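Thank you for making time this morning. I would like to take you through one helix and its surroundings, and then step back to the chain as a whole.

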Amino acid sequence: MVRSFVLISGIDNGASHGIKKKKMKPRNASSSIQSLPNEVLVQVLAKVASRSFDDLYSAMLSCKNFNESAQDDHIFEHVDISKFPLVSWRPSETHTRFLKRCRDLGNAEALYRQGMRDLFTSKRIEPAGVESLKRAASKGHVEATYVYGAILVCYGGDSRQKGLELLYSLNRHKSRGLSVTECRERIKELIWNTMWVNREVIGRIVEAHDENTAMKACNDCGDPQGPYTIEQGWDFDDHDKFSSCNSCRWHQEVNIFCDILCRSRTN
């Protein structure tokens with residue numbers, strides 16, 4: 001909340017020291033914030049926006065200065081739009097312009113959503129969709145990193161190692177309270193319950209995965225790797241229990257991602 005950035009000075013009447021102090025007039029909190037340089041105010045509002053669009057909106061309504069500063073490009077790049085529906089059947093012009101500006105300015109969540117729509121709902125694998133996921137992943141978006149990394153692994157060749165390195169980077173996000181399993185569940189919810197994916201696109205990704213995951217030994221631990229599925233006995237509820245080998249864990253994670261795609265609603 002914006003008010004969390006306001007410094008409120010305590011008043012000591014000096015009675016315990018026998019000293020009379022001049023009573024100070026309380027400062028107006030709104031005036032204190034408005035007196036900040038605009039670049040500082042933009043940074044404060046961007047922090048608020050990254051945590052809650054509702055809080056940003058409340059701040060914009062509170063005074064003219066906040067509303068003007070909230071139009072800065074930096075705000076649109078970082079504002080949290082996670083509560084906005086992925087698909088709006090009758091979006092207003094204002095709503096459409098707002099989300100477009102977020103995408104154009106590199107908002108990671110907006111790029112991720114656009115990438116998922118372009119990639120999975122089109123009649124073919126759209127390079128623009130893959131590029132949007134790549135851009136979102138480069139900004140640290142967790143779900144985009146998962147999807148983009150998994151797709152690179154599916155297509156094998158030189159892309160496979162790059163995809164694995166992206167997936168390995170997700171191990172660091174566990175310390176932030178988001179496990180790989182939770183990340184996967186968010187993606188599954190989006191694919192299964194929000195979008196109607198194109199079966200041809202799904203087929204191409206899964207086919208590429210199957211062609212590039214013939215049974216072979218892991219380069220790191222020597223255990224066999226192959227296109228295992230959930231039905232073959234894997235406990236998919238806990239990513240960390242797949243294997244003690246990092247490479248094998250992520251190899252199986254990509255298998256589960258493809259299984260999620262195969263079970264999704266198609267058009």
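The buried residues of helix 6 make their packing contacts with three other helices, namely helix 3 (53-62), helix 5 (73-78) and helix 7 (108-120); contact here means heavy atoms within 4.5 Å, and helices are DSSP runs of H or I with at least four residues, strands runs of E with at least two, numbered from the N terminus. Please keep in mind that this is a predicted model, in which local features need pLDDT of at least 70 and side-chain atom pairs count only at pLDDT 80 or more, while totals for chains, interfaces and linings use all residues. Residues are numbered from 1 along each chain as its sequence is written, and side-chain values use heavy atoms, with hydrogens and water left out.

Which residues of helix 6 are buried? They are H95, F98, L99 and C102, where buried means under 20% relative accessible area, exposed over 50% and partly exposed in between, with a 1.4 Å probe and protein chains only. These four lie on the same side of helix 6 because they cover an arc of only 90° around the axis, the arc being that of the directions from the helix axis to the C-beta atoms. On the face turned away from that buried side, helix 6 carries the exposed residues E93 and D104. After helix 6 comes G106, with a positive phi near 85°.

Turning to the whole chain, its secondary structure comes to 13 helices and two strands, and 43% of its 267 residues count as buried.
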